[in-house]
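Hi everyone, thanks for coming. Please have the picture open while I talk, and we'll go through it together step by step.

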There are 4 protein chains.
Amino acid sequence: MISRPPDNSRRLRVRELGVKIGPFATGPDNAITDVKGIKVGQVTLWKGEGKLVPGKGPVRTGVTAVLPHSGNLLSAPVEAGCHVFNGAGTTAGLSLLEEYGRIETPVLLTSTLAVGKAFDALVKYVVKKYIEKPEENSWFNPLVGETDDSFLNDSHGLHLRAEHVFQAIDTAEGGPVAEGVVGAGVGIRTCGFKAGIGTSSRIIAVGGRRFTVGSLIQSNFLGTLRVDGIPLGKELGVVAQMDDCPQGGSLMVITATDLPLNSRQLKRLAARGVLGMARTGAVGSHSSGDYFIAFSTTYRQENLASGEPFRKSEILLRDEYLTPVFAAAADAVEEAILNSIFKAVTVVGRDANRAEAIDIDKAIEVLNKYRQGSQS
Amino acid sequence: MISRPPDNSRRLRVRELGVKIGPFATGPDNAITDVKGIKVGQVTLWKGEGKLVPGKGPVRTGVTAVLPHSGNLLSAPVEAGCHVFNGAGTTAGLSLLEEYGRIETPVLLTSTLAVGKAFDALVKYVVKKYIEKPEENSWFNPLVGETDDSFLNDSHGLHLRAEHVFQAIDTAEGGPVAEGVVGAGVGIRTCGFKAGIGTSSRIIAVGGRRFTVGSLIQSNFLGTLRVDGIPLGKELGVVAQMDDCPQGGSLMVITATDLPLNSRQLKRLAARGVLGMARTGAVGSHSSGDYFIAFSTTYRQENLASGEPFRKSEILLRDEYLTPVFAAAADAVEEAILNSIFKAVTVVGRDANRAEAIDIDKAIEVLNKYRQGSQS
Amino acid sequence: MISRPPDNSRRLRVRELGVKIGPFATGPDNAITDVKGIKVGQVTLWKGEGKLVPGKGPVRTGVTAVLPHSGNLLSAPVEAGCHVFNGAGTTAGLSLLEEYGRIETPVLLTSTLAVGKAFDALVKYVVKKYIEKPEENSWFNPLVGETDDSFLNDSHGLHLRAEHVFQAIDTAEGGPVAEGVVGAGVGIRTCGFKAGIGTSSRIIAVGGRRFTVGSLIQSNFLGTLRVDGIPLGKELGVVAQMDDCPQGGSLMVITATDLPLNSRQLKRLAARGVLGMARTGAVGSHSSGDYFIAFSTTYRQENLASGEPFRKSEILLRDEYLTPVFAAAADAVEEAILNSIFKAVTVVGRDANRAEAIDIDKAIEVLNKYRQGSQS
Amino acid sequence: MISRPPDNSRRLRVRELGVKIGPFATGPDNAITDVKGIKVGQVTLWKGEGKLVPGKGPVRTGVTAVLPHSGNLLSAPVEAGCHVFNGAGTTAGLSLLEEYGRIETPVLLTSTLAVGKAFDALVKYVVKKYIEKPEENSWFNPLVGETDDSFLNDSHGLHLRAEHVFQAIDTAEGGPVAEGVVGAGVGIRTCGFKAGIGTSSRIIAVGGRRFTVGSLIQSNFLGTLRVDGIPLGKELGVVAQMDDCPQGGSLMVITATDLPLNSRQLKRLAARGVLGMARTGAVGSHSSGDYFIAFSTTYRQENLASGEPFRKSEILLRDEYLTPVFAAAADAVEEAILNSIFKAVTVVGRDANRAEAIDIDKAIEVLNKYRQGSQS
């Protein structure tokens with residue numbers, strides 16, 4: 001049932017359209033994987049056409065795994081924080097993340113109702129891969145985010161299986177990240193267009209050294225699209241309806257950095273993703289579960305088995321230096337959302353429901369029109 | 001694999017020992033089910049003895065389901081609030097509960113790492129039982145609490161299956177509630193003694209009318225037991241060790257009332273469970289995930305399909321009248337925790353790990369000694 | 001020392017420049033006072049020029065009072081909620097607002113370090129105006145927001161006095177609201193321009209009835225200005241510097257509505273102000289205390305002295321209908337921020353520090369250039 | 001108007017009655033000042049008798065100042081966290097404490113409605129004592145806690161003046177701390193008895209080294225007193241009434257330690273004070289503002305003027321070692337509350353309202369009766 005993602009090789013990332021969000025340079029792959037050590041793996045599930053038959057399909061879903069590092073995350077968790085802008089979702093694992101300030105498993109993104117399956121698979125994975133002496137280990141905290149793909153997918157049919165999760169984790173790698181209709185992004189929409197997974201990164205200088213901030217997002221929210229301020233959605237006639245009771249959406253954001261930040265600072269960093277979301281045109285709808293997670297790859301909690309009560313935390317960024325980091329994170333989230341739209345192809349799902357890809361040619365036309373205006 | 005819970009018919013609830021927590025009378029069954037309409041169902045999983053073989057056993061776990069009412073909870077959710085005293089756990093479903101102020105599925109309690117399985121089963125249950133037109137329904141929020149039973153149970157083996165969850169929900173009923181080593185309480189300990197599920201209720205008068213507050217708890221925390229203030233743990237030589245880095249625990253509390261309270265008030269009500277927990281001797285340990293959920297059976301959100309934008313909320317208790325309600329909730333939680341201990345029988349689990357039941361005869365001896373003192 | 005605000009009669013609100021934020025119509029005065037019953041009063045403090053002599057001046061500060069209604073707010077508080085995006089400030093009164101879900105005094109905005117003085121004056125006002133039997137009343141919760149005006153003002157000199165607060169409250173009125181360099185807006189800047197107080201409103205239809213959402217803001221944050229997406233700051237060469245450790249800022253938002261919303265819903269409504277802030281170009285800087293308060297004028301808690309334990313809450317909007325309300329609130333905040341900038345005149349303050357008003361002619365030029373582009 | 005506190009030299013701390021709360025030893029003075037470097041200063045305001053005449057008196061109030069260290073707290077703030085169990089109060093300064101994770105002024109406790117005056121005085125103090133170049137400093141965050149003393153005090157009369165605050169800070173010292181009717185404790189009651197300020201400390205061993213946890217509390221809450229579990233309130237016939245709508249209360253807790261803990265850990269530590277509060281008999285009443293602040297004297301943020309973006313954090317306690325620290329903090333809070341009651345003398349205040357001191361002889365009788373029982 002695992003299919004390759006639809007071919008989107010001819011679609012462009014927004015930077016290829018000349019769009020530059022914010023003043024900072026991007027990392028080499030303009031991806032969360034520009035933060036050294038991070039790997040991303042994705043499995044796309046795609047099967048069937050036509051009428052929804054719960055349990056049968058059509059299947060338009062998947063899973064995306066983000067690995068903060070390649071080692072044993074349970075014995076070497078990463079420092080983390082989170083911000084919930086709108087808790088309208090089923091994301092699992094946030095209360096420990098906040099209480100302990102850490103992430104101790106790979107981070108999964110998937111379909112809203114498949115969180116249980118992903119959680120369960122993550123337990124199996126951790127038990128098998130991370131735990132040597134089961135009698136000495138008790139429990140840990142699986143972290144699973146989600147957005148609802150039921151417009152296209154047989155989400156009630158729960159087609160995600162443990163093997164898909166294992167595959168996503170096992171095939172995770174650094175370098176460029178597939179965007180659009182892939183992994184957890186298969187069945188979702190944003191601002192009226194087909195969307196999915198997107199990523200972006202920024203390089204910032206602090207104290208004469210270079211650091212990276214990168215985001216990977218799963219984008220599914222209601223809004224009227226803006227690209228670097230340009231009202232593209234309105235120009236293309238794709239506008240969020242405000243009649244009746246419009247629903248929809250959700251946004252999952254994972255932001256990573258190699259700056260030494262602690263959980264309090266990472267909570268603050270995570271929150272800046274809301275700014276990026278807002279700038280792309282989100283209306284903040286009632287049912288959009290907007291969750292923002294951030295972690296540091298360098299301010300790590302040491303091996304729990306060390307037996308040493310005191311943790312040596314060599315360095316930590318002072319809060320007074322956070323503003324550019326915050327700005328960079330907001331920009332990375334904004335661009336990652338745009339990428340999730342521009343890289344997504346049209347998908348027809350259950351009951352012939354159709355999520356149309358944004359028309360890149362028309363988009364370029366509009367963008368150029370505004371640019372010419374601005375340069376006249 | 002489903003066994004009956006060990007016979008605890010000869011064990012006594014604390015009230016049968018003459019212990020009265022607080023000034024309020026209890027409901028007829030001194031149980032959460034005294035709040036009209038609430039049902040509880042429990043399935044106990046028990047298999048094997050001896051050495052831990054992950055995936056094989058021994059199995060000492062289960063699931064407890066609390067149904068706020070017997071109807072369709074998705075179309076008629078109950079107003080709810082929650083308080084997280086210590087987020088060291090994997091409890092799922094709290095962010096929507098807080099954001100929307102409601103519970104829309106049965107509430108499950110189980111083993112920490114089995115939350116994914118329980119979530120998944122709850123999805124299947126809701127899809128099958130609550131949803132008529134799958135193409136019109138998208139997603140909902142399964143609510144699953146947990147404590148870690150790995151001291152006795154092969155928790156890594158994930159023995160809970162969907163059929164167990166269905167059975168717990170389908171067999172739920174009003175009236176007396178099984179306590180101690182049953183359902184989600186099979187594999188857990190509190191204050192050094194075998195514990196498990198416990199429940200209690202209180203009757204309060206507001207404005208000349210009688211209302212009920214009831215709690216059901218899953219008790220697994222570190223502490224030195226006190227019974228109505230009497231240092232029973234110390235007297236019995238069962239004391240929380242403070243050397244090295246003691247861990248352990250968690251407490252899940254579900255508090256219900258037929259008073260008309262909204263989510264903000266229910267969040268406040270939920271928090272009062274911390275007081276009850278504290279009085280039984282909890283030390284507030286690092287790894288004790290202490291979660292408190294509260295709901296009202298009368299201040300209900302109407303049927304979502306009504307099409308009417310305005311909800312008629314006939315009455316709502318004014319905050320100025322909450323103090324006795326808060327006090328009653330704290331007392332009910334305190335007594336429910338004590339019941340979870342006194343009704344629990346000794347259990348031998350994986351690797352011959354043994355959780356000893358409290359010795360009721362010795363406990364009575366100590367209680368009487370203190371009472372005689374107090375009456376001399 | 002109380003001076004009239006600098007004349008800004010020749011400055012324009014953004015709507016007069018042809019800028020329309022979002023799809024909803026504004027209320028008659030495009031102000032928070034479009035929500036029936038709300039009054040706003042402002043006192044501007046302005047004295048001296050030149051070098052900062054703490055305690056002497058120069059004085060560039062003031063106070064803005066928002067009255068949710070004209071009656072006794074202590075006996076008839078309004079339902080309220082709040083959202084703190086960045087708690088980098090000294091705003092007082094939020095914990096009770098959140099716990100009780102209500103506002104029970106006029107809401108004041110002033111200079112960061114003057115919060116104590118404003119709090120104290122508010123106590124005196126409430127004691128004198130609202131309390132008949134002091135022996136029966138104990139305490140209440142003054143609500144005071146702030147942003148830092150120390151770039152222009154002798155903020156350490158604490159020039160606000162109780163009489164200024166009384167005057168602001170006593171002269172509060174409905175109808176058009178003075179914007180820009182007035183009241184709490186005298187000494188502040190946003191996105192590199194002189195800013196201050198701003199307001200805006202939106203009309204929304206729910207269930208066939210018309211309701212109003214209005215915001216009043218005190219705007220002082222770091223960013224690069226965008227007007228309806230157009231990068232005006234960049235075009236004018238006024239860009240947030242990201243070198244070193246840029247600080248600055250804060251944003252106080254008060255959003256009001258005559259829709260019947262409870263505290264949980266108002267908390268959600270308040271949060272949508274972050275979206276409006278983001279769209280105007282805020283970078284989310286470290287030291288920007290961004291506080292968002294929302295209240296309903298119709299879902300009121302009844303008179304506390306009624307002696308009746310149950311509150312009758314006739315109607316309440318269902319959450320499923322909130323999306324347009326959320327969108328309208330975000331738009332109102334966005335436009336209110338823009339108004340705070342466009343209505344502000346240049347101010348020279350302490351140590352000849354200068355906050356330059358945005359050049360309206362040049363702004364129009366840029367806006368027109370983009371519009372022509374978009375229409376070509 | 002500043003009087004000396006009523007003589008309580010003949011009253012006893014609970015430890016002098018043979019009461020030992022928990023397993024840990026106390027520090028040399030059994031006070032928050034056992035944490036090296038901490039100083040406490042208190043000013044008692046006492047004037048007049050008889051009928052309440054707002055603005056005239058009678059005055060029964062005061063201020064208590066806790067200095068985390070004797071240096072410049074603005075340039076060398078201490079790491080801090082807080083927990084709000086019940087936000088029914090006017091405590092100022094918590095949002096920045098949480099956002100920045102630090103305290104940057106002395107911590108004041110006073111009367112609820114005097115928070116504005118205390119805030120204002122604190123601003124003046126910091127401006128005068130900590131800031132050399134006013135033109136380079138902008139704002140900071142005064143931290144002021146409170147409980148309501150209006151039963152005895154002319155709280156509406158606002159008798160606290162800046163000079164009282166300065167005196168409290170300037171006379172602060174290490175060593176034994178005055179308890180009971182002193183400073184911010186003059187006008188308050190707990191569990192039906194006169195109460196006030198109390199303090200206690202614990203010594204804990206971590207990794208072979210000794211550390212101290214100390215608490216200072218301002219105690220004013222509703223409950224039925226328990227002393228180490230013994231129902232002393234009930235035995236003495238002083239029981240919290242649950243009829244009608246009982247109000248009352250509040251508890252302010254300041255917990256300090258020389259263990260290296262960061263803001264996240266200190267937030268967790270602060271929360272454990274709820275356990276201590278619960279064990280003394282608090283009912284968790286509606287209007288009891290229960291605020292818990294914690295700080296570390298050793299995990300300090302460095303001088304902000306250093307110009308170095310990275311902070312060196314030499315060591316930090318690992319969370320796995322927190323349980324004994326948590327237990328010790330709960331015990332210290334419990335004992336501090338008891339001390340606040342046992343050290344308090346009877347006070348007659350406004351309108352001849354009388355708050356009776358607990359009868360120590362009768363208390364000893366009850367305690368002995370229970371002890372004999374327990375030893376029989």
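How much area do chain B and chain A bury between them? About 3,400 Å², with 62% of it on carbon and sulfur atoms. Before I go on, please keep in mind that this is a predicted model.

Let's stay with this pair of chains. On each side, 41 residues take part: 41 of chain B are in contact with 41 of chain A. If you want to find some of them, look for B:Leu113, B:Trp139 and B:His156, which supply 19% of the area that chain B buries against chain A, more than any other three residues.

What about charges? There are two salt bridges between chain B and chain A. You can zoom in on A:Lys117, which forms a salt bridge with B:Asp120, and there the closest N and O atoms are 3.0 Å apart. Polar contacts join in as well, with 16 residue pairs counted between these chains, both partners at pLDDT 80 or more.

Which elements of chain B give two or more residues to the side that touches chain A? They are strand E3 (78–86), helix H1 (94–100) and helix H2 (115–129). Helix H2 of chain B gives the most, with eight residues. Sorted by class, this side of chain B has 18 nonpolar, 15 polar and eight charged residues.

Now let's move to another interface, between chain D and chain B. Here 40 residues of chain D are in contact with 40 residues of chain B. The buried area is about 3,500 Å², and carbon and sulfur atoms give 59% of that. In chain D, the residues that lose the most area to chain B are D:Phe85, D:His286 and D:Thr323, together 17% of what that side buries.

Two salt bridges are counted between chain D and chain B. In one of them, D:Arg226 pairs with B:Asp228, and the closest N and O atoms are 2.6 Å apart. There are also 14 residue pairs in polar contact across this interface, both at pLDDT 80 or more. Several elements of chain D supply at least two residues each to the side touching chain B, including strand E3 (78–86) and helix H7 (322–342). That side has 19 nonpolar, 11 polar and 10 charged residues.

Next, let's look inside a chain. In chain A, six strands form an open sheet in the order E4-E3-E12-E11-E10-E9, with mixed pairing. Why is one side of E4 and of E9 left without a neighbour in the sheet? Strand E4 (102–103) and strand E9 (197–206) of chain A stand at the edges and have a single partner strand each, so one side of each has no neighbour there.

Strand E9 of chain A pairs with strand E10 (residues 209–219) in the antiparallel sense, over 10 bridges. To see one of the partners, find A:Ser201, whose bridge partner in E10 of chain A is A:Gly214. Helices pack on this sheet too. Helix H5 (residues 263–271) of chain A touches strands E3, E11 and E12, and its direction makes about 40° with that of E3. Helix H7 (residues 322–342) of chain A touches E9, E10 and E11, at about 155° to the direction of E9.

Finally, chain D. Its six strands also form an open sheet in the order E4-E3-E12-E11-E10-E9. Seven bridges join strands E10 and E11 of chain D, which run antiparallel, and D:Val213 stands opposite D:Thr257 in E11. Thanks for listening!

Technical notes
Residues numbered from 1 in each chain as written. Chains lettered and ligands numbered in written order. Predicted model: local features only at pLDDT ≥ 70, side-chain atom pairs only at ≥ 80, totals over all residues. Heavy atoms only, no water. Contact = heavy atoms within 4.5 Å. Buried area = accessible area lost by both parts, 1.4 Å probe. Salt bridge = Lys/Arg side-chain N within 4 Å of Asp/Glu carboxyl O. Polar contact = N/O pair within 3.5 Å; in protein donor to acceptor, adjacent residues only side chain to side chain. Helix = DSSP H or I, 4+ residues; strand = E, 2+ residues; numbered from the N terminus. Nonpolar A, V, L, I, M, F, W, Y, C, P; charged D, E, K, R; others polar. Pairing = 2+ DSSP bridges. Axes fitted to C-alpha atoms, helices over the stretch in contact; angles between N-to-C directions.
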